[in-house]
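Here's a walk through one protein model, taken a piece at a time. Keep the viewer open and follow along.

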Amino acid sequence: MKLAIVLLSTLFFLSVHSFKSSEEKDAEKYLTEFYDYDKSTGSLKDSLKDLQKMAGIEADGKLSDEVISHMNKGRCGGKDKDKKSKRYVAANARWDRGVTYKYYLHLDWMPRTMSEAEVRRAIQVALDYWVRVSNLGFAASRDKAGCMFSVSFSGRDHLQYDVNKNFQPSKDPYPLDNVPSGVLAHAFFPRNGNLHYDNAETWTEGKDSGINLRIVTAHEMGHAIGLHHSNDPSALMAPWYGGYISEADYRLPNDDTLGAQSLYGARGKRALPLKKRDLGKLQSRLCNAKNYDGVFAFSDDKTYVIADGSNLFRLDGTNVDETFEPVEINEALKNADSMFYDKVNKRLVVFKGDKVYSASGSDVKTLKVEEMKIGGHGAYLGKSSAAFARQVSAEEGMQYFWLIQDNEVISGEVLKNKIVFSRRTRPLSEVITMSNGAKFPPSIDAALLSGEKDNLQLYLFVGNSYYVGKPTGRKQFQYSISADYPKSYKQVLKC
Ligand SMILES: [Zn+2]
Ligand SMILES: [Zn+2]
């Protein structure tokens, strides 16, 4: 008898335990996918609270039936983030205001349940929800050329299309789940412009059954214009599919309207003033800088900007990296004339008057600055306004650099432990030309040569403007700037 009781209770314990752990496992998987939960370092309870906050339910961190029912809902493939008190949250990137963007629908793998005309109509109606409330425009195009984004249906492993390369396909690193419900679709933030639908869904319009293509498209388009998931459960940008609402009854919720207007301004009105937008603190500081003294790519492959003489900022793409507290740079580097990163000796080479400094170290905040050896002064005048460099051959460790001094460009070579200037200079007008024949302004504040061999771009900063030059000819020591420039760098930083 005693044995039987022990056995029974063991069995009971086992069954409860395994029942729980399978649900917990599912929860862990879900939270890892959508809430950045990390099994080894994170707390499951905290991640459950994040989900509960997003869902607008009591945040007690328990794996309740209500939580499980949310995890079983059809949803967007994008991540949710706990945004604390904020409702809509704008990503740090957007499209231009007041522009009508063309988009392209890939016809390779269309849903079986809707005709092409029905699909096209549902997409356009969805985009118009955003257009109606903000300074944005979207128009379908049957031709890929000139389109800014594309829409496609696909299975688990699927293609993404590079809008910058005439929609050249490559594998999307984020698979869809390819099962009914679960993940319905996903989209990318600006300026990528890929909207992908899971073709395992039964896409419909005009009826309660299946998944409504118009509403899901409207949600995904919210991401494509720069909005994250909202923790307002009534928002279109809530991560879960909220069910069918007929076209006649549908109104874009207030939370989403405010989100779109924070980025693009209200339709027919001027855009919101700067301070009311979600502009990062550092972003606005760099936006207000008078000029850039130096721009360089460091050993961590990040781009750094020295603004207004002494403040060092780090960029993340074309945004300011808000996680990098700007530091005052080393005294010797303040108000430097120009600089470039020396890949051969792993140091920053800084020109300041007739002195040349090397700033070395792996941490950009604590560089060790020393005056450095020059192998030959050549035609170096002892002053320059901008410098850029290029690794010519990784194997040989050879790097060339160029300094702009007034109307002339002097080149040099980086060798082990020293640099050598060439004996001759070339006129700036020979090295940098405007494609429309206009004269390039000589007063360049900073320069940066970035990109790989086939995609080199020379960035030139002049006051509040910048130019981008591309190599001409095979030697690539000559750069041509298209007539689109100069542009304001405030535009690039989305100031
Ligand atoms: Zn989403
Ligand atoms: Zn995708």
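What follows is a short report on this predicted model, going from the metal sites to the strands around them and then on to the later part of the chain.

## Zinc ion, ligand 1

Let's start with the zinc ion (ligand 1), which is held by Cys76 through SG and by His219, His223 and His229, each through NE2, at 1.9 to 2.2 Å. The arrangement counts as tetrahedral because the four donor atoms around the zinc ion (ligand 1) subtend angles of 101 to 114°, inside the window of 85 to 135 degrees. Along the sequence, the donor residues of this ion are spaced C-x142-H-x3-H-x5-H. Two of them tie distant parts of the chain together: cysteine 76 sits in strand E1 (residues 75-76), while histidine 223 is 147 residues apart from it, in helix H5.

Are those two buried or exposed? Cysteine 76 has a relative accessible area of 3%, so it is buried. Histidine 223 comes out at 4%, so it is buried as well. The cut-off for buried is under 20%.

## Zinc ion, ligand 2

The zinc ion (ligand 2) has a different set of donors: His158 (NE2), Asp172 (OD), His186 (NE2) and His196 (ND1), at 1.9 to 2.0 Å. This site is tetrahedral too, with angles of 99 to 116° among its four donor atoms. The spacing of the donors along the chain reads H-x13-D-x13-H-x9-H. Here the linking pair is histidine 186, in strand E7 (residues 183-187), and histidine 196, in strand E8 (residues 194-198), ten residues apart. Both histidine 186 and histidine 196 are buried.

## The six-stranded sheet

Now for the sheet that carries some of those donors. Which strands make it up, and in what order? The order is E1-E7-E8-E4-E2-E3, in an open sheet of six strands with mixed pairing. E1 and E3 are the edge strands, each pairing on one side only. So much for the overall layout.

Zoom in on E4 and E8, and you'll find them paired in the parallel sense over five bridges. One residue to look for there is serine 152, whose bridge partner in E8 is histidine 196. That's the histidine that gives its ND1 to the zinc ion (ligand 2).

## Helix H4 and what covers it

Helix H4 covers residues 116-133, and its length works out: at 1.5 Å a residue, its 18 residues should span 26 Å, and the end C-alpha atoms are 27 Å apart, which agrees. If you're wondering about the 26 Å, the expected span is 1.5 Å times one less than the number of residues.

The buried residues of H4 include Val119, Arg120, Ile123, Leu127, Tyr129 and Trp130. What sits over the buried residues of H4? The cover includes strands E2 (100-105), E3 (137-141), E4 (149-154) and E8, along with helices H5 (213-224) and H6 (254-264).

## The annotated binding site

Further along the chain, the UniProt record, an unreviewed entry, has a "binding site" annotation on Asp293, Asp337 and Ser385. Those residues are spread over 93 residues of sequence, yet they cluster in space, with a largest C-alpha distance of 8.5 Å.

Aspartate 337 lies in the loop between strand E15 (327-328) and strand E16 (338-342). Leaving aside residues up to four places away in sequence, aspartate 337 touches several others, among them Asp293, Lys352, Lys383, Ser385 and Asp445. Serine 385 is in the loop between strand E20 (374-376) and strand E21 (386-393). With the same exclusion, the contacts of serine 385 include Asp337, Ile404, Asp445 and Ala446.

## Strands E26 to E28

Last stop: a run of strands. E26 (residues 446-450) is mostly covered, with four of its five residues buried, and E27 is mostly covered too, with five of its six residues buried. Five bridges join E26 to E27 (residues 457-462) in the antiparallel sense. Alanine 446 has phenylalanine 461 as its bridge partner, and leucine 448 has tyrosine 459. The hairpin of E26 and E27 has six residues between the strands, and glycine 451 in this hairpin takes a positive phi near 95°.

E27 also runs antiparallel to E28 (residues 465-471), again over five bridges. In that pairing, leucine 460 is matched with tyrosine 467. E27 and E28 form a hairpin with two residues between them, and glycine 463 in the turn has a positive phi of about 55°.

Terms used
Residues are numbered from 1 along each chain as its sequence is written. Chains are lettered from A and ligands numbered from 1 in the order in which they are written. This is a predicted model: local features need pLDDT of at least 70, side-chain atom pairs count only at pLDDT 80 or more; totals for chains, interfaces and linings use all residues. Side-chain values use heavy atoms; hydrogens and water are left out. Donors are N, O and S atoms within 2.8 Å of the metal (3.2 Å for Na, K and Ca); water is not among the atoms, so sites may look incomplete. Four donors count as tetrahedral if all angles lie between 85 and 135 degrees; four count as square planar and six as octahedral if opposite donors are over 155 degrees apart and all others between 65 and 115; anything else is irregular. Buried means under 20% relative accessible area, exposed over 50%, partly exposed in between (1.4 Å probe, protein chains only). Contact means heavy atoms within 4.5 Å. UniProt positions are given in the numbering used here, feature names are shortened, and annotations may be inferred rather than shown by experiment. Two strands pair if DSSP finds at least two bridges between them.
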